[in-house]
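Student: Please take a close look at a single part of this structure, and then connect that part with the chain around it.

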Amino acid sequence: MERQSRQGCEFTLLFEPIMSDGGNIRIYDHSRNRESNVRISIDDSEFRCRTQTRFPSIIADLIDLAVAIHATDRLIFQSLRQRQTQIHVVLPVRHPEILNKSSFQEKLSSLLEYTTGSRWEFEFSKSVDLGRAVELQLLLIPTAPQVDEVALWSGGLDALAGLYTRLKENREISFKLFGTGSNDNVYARQEQVFQALRPSFLGRLSLCRVPIRFSESNLHVKNKISRARGVVFILLGAACAYLMGQKVLRLYENGIGAINLPYRKSATGLDHSRSVHPLTLLRVGDLISELIGEEFKVQNPFLFWTKAEMCQQLSEDARHALPPLTKSCDSPHRKQPSQCGYCSSCILRKQALAASRLRDQTKYIVPHGTRPASDIMLHLQHMLVQISTFKGLLNYSEDAVSQWESLTRRFPELDDIVDRTYEVEGLTPPEMRKNLIRLYQTYVFEWDAVEPQISGDFLSQVIDQPESQNFQIAIQ
Amino acid sequence: MPDGDIVHSRLKRLYQKPYKWLCEGIATSDECARAVLEKLKQDIKAKGDLSIVLAQALAASVTQIISNLEEVRESDFAKLSVEFDNLVRQADGSPYVKELILRAGKGYLNDLRNGREVDITHTSEAIWRRYAHEVYEAEFKERIPLTPKHHAGITQEILEKRIEAIQPSIDFGIQKFAQNAIRNQSVARLSMPRRSSQEAIDLNEDLLAG
């Protein structure tokens, strides 16, 4: 095989065609001189329900690409600090003539390096297999009713609050929600939240799920810092949108989380995920457009909203029972309560529910469970430092131009967001800057109002923090 | 936040000594600053010459796109920022060093854009200087644990004041590192600034004179 010529790469993943019953992946770890095999499958049978009678083969390629990225990202440990991981993927597809184009390859590698920090190289070979069952079935008539909007459905609070707001704002339109992943608990939750919401919006909601499953992978250690998750979700969601006759995929994520600025300068690059960052959405949209040969967009209608603002509609309608069905936690536990309450996602969730005056009926380890051994204050302290930074920068002046100058001096990445996305947002650069200033101002105001309540949860569990010298030495 | 954040709250072993000195308050500000600069020098050396190669590549692209700052347009900055992304992406090396130099480059662009930086003749040195500041902040200043009680029982507020007090010396030391790094095209021989507290001995001085 080509192992000799691949010495420069650290990993090579050779995919067999991903058929209905799955496909084999042969993994070569060149630096350790190891080989292993894993099987992966995707159940895309729910794509039978669609408005497009034909299943375009290029969309089947898009799905295979998403599966290959998912598998690679989960199976290969990728260092964010030390040596850059080099990944070579060989994937059989139906249209290698399109996927091997240098413009497509450049966009794909650039997107994945931006989102994972690793260097990805793809080689698309011609698939000789017929394809999965769903793409072979030619429909005589559409098997799903027309929908107006296709959106990602994660089972999280932003997805719920965003959808609820869209449903209330646009009383005539219907939604197809798309979920994926490889975890049964996540599937159960997506279904549960969907079922809880459906009776209030009869005939306007449908759900499509396409699970990805590994098999024979127990011996393979999984990469815990999976930074391509957002890209995989969007690519599969885009396939769903296309099959539903849509050229836009929407996802609902608050602006603070989407932009995900570092709390302190000790955080760099991918310490904070770019999974739904505005520049990621722009890049994925460009990539899909190049693949399908027509313009395709990925939009987040809530880029300028805080999470609390997204929850406002739920609050006004007193839908207190819905948020506890969702999950936000970054480090869910197996035991109950499963949400930790002290990771940044849990803290932002608590902040949003408190600031929007939704009763938080969620059970968290902090404050409802037994205090864990780890430092529960860590993320809260970092988030509060960031709030204090924002305050200092925004209070620098009342004038928007000076505020922007002050904000971007500390966070120059905000300039890139405006420069590269103002057109797709349908705004002028000054308008977009004002919207972002307002977003961070609102976030600061909200924290001012609820900080004692949020910190109170922690103080009730903290007896005495250990002195810093006990936990400050770390060798990386 | 989406997919979990990695939070760094512990100082590396390398920076323990200057941290303890700052907490103990026995050494002078100058001595503490020197202790930090010594460790920063080691850290920068360990991170290698990629930062210099990239600072020069970024500087070259600035010169190529901006010949006269008075005629520069907003779109030029946007174009340069994309160019910076591409140059850094194409380089081989640690994603961490690449990220720090990119942050330095973007900071430099922001300064140019807002008129805080007006000199484009020493761009590589200016970008590399910012890189060294990024290393200092990422590895030391903003990595000090957020805890109400530090080593020797001092508070966060006192520690912050002491860190603020060493800032001019750190700036001066980094300035010197930047000159060395660009002149030698290497981080291998960064020299420490002279001790400000030590005056040269005047051999002709009359020690008995009143």
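Tutor: Two strands are said to pair if DSSP finds at least two bridges between them. Strands themselves (E, at least two residues) and helices (H or I, at least four) are DSSP runs, numbered from the N terminus. The model is predicted, so local features need pLDDT of at least 70 and side-chain atom pairs count only at pLDDT 80 or more, whereas totals for chains, interfaces and linings use all residues. Residues are numbered from 1 along each chain as its sequence is written, while chains are lettered from A and ligands numbered from 1 in the order in which they are written.

The part I have chosen is strand β4 (residues 86-93) of chain A. It has a parallel pairing with strand β1 (residues 11-15) of chain A, made over four bridges. Within that pairing, Leu13(A) has Val89(A) of β4(A) as its bridge partner. Strand β5 (residues 119-126) of chain A also runs parallel to β4(A), and eight bridges join the two. Here Gln86(A) stands opposite Arg119(A) of β5(A).

How many residues of β4(A) are buried? A residue is buried if 20 or more other C-beta atoms lie within 10 Å of its own, exposed if 12 or fewer, and partly exposed in between, with C-beta atoms placed from the backbone. By this rule six of the eight residues of β4(A) are buried, and the strand is mostly covered.

Let us now turn to the whole chain. Chain A contains 16 helices and ten strands, and 48% of its 476 residues count as buried. The C-alpha trace spans about 60 × 55 × 50 Å along its principal axes.

The interior can be described through nonpolar cores, which are sets of buried Ala, Val, Leu, Ile, Met, Phe, Trp, Tyr and Cys residues joined through C-beta atoms within 7 Å. The largest has 131 residues, and Leu62(A), Leu235(A), Ala238(A) and Ala239(A) have the most contacts inside it. Helix α7 (residues 229-243) of chain A supplies twelve residues, the largest share of this core. Contact means that the C-beta atoms of two residues, placed from the backbone, lie within 7 Å. Leaving aside residues up to four places away in sequence, Leu235(A) touches Leu62(A), Leu65(A), Ala66(A) and Val284(A).

A last example is Trp447(A), found in helix α16 (residues 429-459) of chain A. This residue counts as buried because it has 22 C-beta neighbours inside 10 Å.
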